[in-house]
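Reader: Could you take me through how enclosed spaces and helix packing are read from a set of coordinates? I would like the general idea each time, and then the case at hand.

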Amino acid sequence: MKIHYPVSKRKIALVLGDICIVNLAIVLSAIVRLGVNGGLSYVKGNPLSFAVYGIVLITIFSFADLYDTRKDYKSIGIVISILFATAVAFVITTFIFYINGSLKIGRGVFFINGALIIVFITGWRMLYSYIIEQPLFNRRALIIGAGWAGSTILGEIKKAKKAGIKVAGFIDDDPEKLNTQICGVPVLGGRSVINKVIRQQNIDTVISAITHEKHADLIKMLIHCSWNGVDVIDMPTIYEQLTGKIPFKHINDMWMLHVVISKPKLYGKFIKPVLEAVISLLLFIILMPVMAITAVLIKTTSRGSVFYTQERMGKDAGRFTIIKFRTMVADAESQTGAVYAADNDHRITKVGRLLRKWRLDEVPQLLNVIKGDMSLVGPRPEREIFIKEFEKNIPFYSQRLAVKPGLSGWAQVKYPYASTIEQTEEKLQYDLYYIKNMSFLLDSVVLLKTVRVMLFGKGK
C-alpha cells in the first residue's frame with residue numbers, strides 16, 4: 001500500500017528556496033565586503049553566527065505566515081510582509097549577537113547581507129508565484145457541497161485564475177444532484193466516494209463548502225484526507241484568501257466568536273491607538289496648508305459652512321460627532337431626508353466631487369482620530385438610522401461596531417460608495433475581513449492604498 005505523508009511539496013520548495021537564498025546572500029555579502037578569498041574564509045570561520053541568522057529569519061517567516069503556499073507573493077501586501085518580517089529578523093539577530101559575545105558578524109557584512117536577503121527573497125518569492133501559476137503546477141481541488149457555498153467558491157476560483165486551482169468536481173449527498181453539472185463542473189457522488197475520487201482524480205486540495213452541520217462520517221473522512229497529505233480547507237478561509245472578504249452568509253455566531261476570542265489584543269488595544277494618534281497629529285500639522293486652501297475653495301464656490309458635522313456611531317455603539325469638509329450643497333437632506341450618498345449624487349458640488357475623488361473631504365477627521373473617537377484604519381462610521389436598518393436586514397452587521405471606525409478602511413480601498421443593501425452587504429464582507437485580520441501590516445497596506453488614491457485620484 002502506498003503511504004502518503006501530510007507534507008506540502010510547495011511548502012518544502014519555499015523553505016528550501018529561502019535556505020538557498022540565505023546562504024547565497026551570506027557568501028555574496030562576505031565576498032562583496034572582503035573579496036573572494038577573504039569572504040569565503042570569513043564564512044568558514046563564522047558558521048554558527050550565519051546559521052543563527054538563517055534560523056531566525058526562517059522562524060520569523062513562519063510566524064508571519066509567509067510559508068502559506070496559497071498566497072500571491074507578487075502582491076504589494078505580501079511584499080510588505082516580507083520586508084517587515086526581514087526587518088524583525090534583522091533586529092532580533094542583532095539583539096542575539098549583542099547578548100552573546102561568541103556570536104558575531106561584522107557590521108559591514110551584516111548590513112550587506114540584510115540588503116541582499118531582502119532583494120533576493122522578494123525576487124525569489126515573486127518567481128515562485130509566477131512558476132506555480134503555470135498549468136503544470138495547478139492544484140486539483142474537490143469541493144464538498146454543491147449548494148450555494150460550493151457554487152460561490154467555484155465562481156471565485158474561476159475568477160482568480162492566478163490561484164492555480166483546477167476544480168475536478170463536487171461531492172454532495174443529494175441524489176438529485178448526482179451526474180449534474182454546476183458551471184461545467186460535475187457532481188461526482190456522495191461522501192462515500194470521496195477517497196475513490198481523490199485517488200482517481202489526483203486531488204491535492206479538498207474544500208469544505210457545507211453551510212449546515214457536518215455529518216460525523218464526513219468529518220472523519222476530512223481528517224483522514226488531511227493526514228494523508230491532502231490539503232483540507234473550509235470555504236470561508238479560501239474565499240477570504242481569494243477575495244479579501246468574509247462570506248457572512250456562510251458563517252455562524254460560533255465562527256465569529258472564535259474570531260473575536262482568538263484575535264490578538266496587544267496591537268488593537270494598545271499599540272494601534274497610540275501609534276495612530278501620533279501619526280494623525282503629524283499629518284494634521286503637515287496638511288494644514290492643504291486644508292486652508294480647501295476651505296477657501298469651498299467657501300468661495302458654494303453657499304454654506306466650510307465644515308460638515310454629523311453624529312455617528314462608533315465602537316460599542318458609542319456616539320461621537322464626525323467632522324468633514326462639506327462636499328454637498330447646503331442643507332442637502334432638507335428635501336430628501338437621510339439617504340445614502342452615491343458617486344453620481346446630484347447634491348455633490350463641483351469642488352466636493354474633486355474632494356471626494358482625492359479623499360480630501362476626510363482630512364478633518366484626523367481630529368477625531370487624535371481625540372480617540374476613530375482610528376486611521378477601520379470600518380467607516382455610520383449614522384444610527386442606517387445601522388438600525390442594516391442590522392435588521394444584514395447578518396453580522398453589528399460586528400462592525402466591535403472596533404473603532406476608521407478614516408479609511410479595507411472596504412473603502414476595495415469597493416466604491418455603497419448606495420443599496422446589496423452593495424452594503426458587499427462592503428460588510430470586506431469590513432469583516434479587516435476585523436478578523438487587523439494587524440500592523442494590513443493597516444499599512446490600507447494606508448498605502450489610501451495615499452495612492454489621494455495622490456493620483458485613482459482607486460475605489
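Author: Let us begin with the lining of the largest cavity, bearing in mind that this is a predicted model. By class, that lining has six nonpolar, one polar and three charged residues.

Reader: Which residues line the largest cavity?

Author: The lining is made by Met313, Gly314, Pro379, Arg380, Pro381, Glu382, Arg400, Leu401, Val403 and Pro405, and the space in this largest cavity comes to about 40 Å³.

Reader: How many cavities of 30 Å³ or more are counted?

Author: The count comes to two, and the second largest has a volume of about 30 Å³. Ile246, Trp255, Met256, Val259, Leu432, Ile435 and Lys436 line this second largest cavity, and the elements that give two or more residues to its lining are helix H10 (253-262) and helix H18 (421-437). Sorted by class, its lining has six nonpolar residues, no polar ones and one charged.

Reader: Turning to helix packing, how are H4 and H5 oriented to each other?

Author: The general idea is to take the angle between the N-to-C directions of two axes, where values over 145 degrees count as roughly antiparallel. Helix H4 (residues 76-99) and helix H5 (residues 107-132) pack at about 150°, with their axes 10 Å apart, and H4 and H5 are therefore roughly antiparallel to each other. As for handedness, H4 passes H5 in a right-handed crossing.

Reader: Which residues of H4 and H5 make the contact?

Author: From H4 come Val79, Ile82, Leu83, Thr86, Phe90, Thr93, Thr94 and Phe97, while H5 supplies Phe110, Phe111, Ile117, Ile118, Ile121, Thr122, Arg125 and Met126. Divided by class, the residues of this contact of H4 with H5 are 11 nonpolar, four polar and one charged.

Reader: At what angle do the axes of H3 and H5 cross?

Author: The axes of helix H3 (residues 47-63) and H5 cross at roughly 40° and come within 13 Å, which makes H3 oblique to H5. The crossing in which H3 passes H5 is right-handed.

Reader: Which residues in H3 and H5 meet?

Author: Phe50, Tyr53, Leu57 and Phe61 in H3 meet Val109, Phe110, Asn113, Gly114, Ile117, Ile121 and Arg125 in H5. The contact of H3 with H5 has, by class, eight nonpolar, two polar and one charged residues. Reading the two lists side by side, one finds Phe110, Ile117, Ile121 and Arg125 of H5 in the contact with H4 and also in the contact with H3.

Notes:
Residues numbered from 1 in each chain as written. Predicted model: local features only at pLDDT ≥ 70, side-chain atom pairs only at ≥ 80, totals over all residues. Heavy atoms only, no water. 1 Å grid on protein atoms, 1.4 Å probe; cavity = no way out; pocket = protein on both sides within 12 Å on 5 of 7 lines; lining within 4 Å. Points joined across faces, edges and corners; volume = space filled by probe spheres on them. Nonpolar A, V, L, I, M, F, W, Y, C, P; charged D, E, K, R; others polar. Helix = DSSP H or I, 4+ residues; strand = E, 2+ residues; numbered from the N terminus. Axes fitted to C-alpha atoms, helices over the stretch in contact; angles between N-to-C directions. Parallel < 35°, antiparallel > 145°, perpendicular 65-115°, else oblique. Left-handed = near helix turned anticlockwise from the far one by under 90°. Contact = heavy atoms within 4.5 Å.
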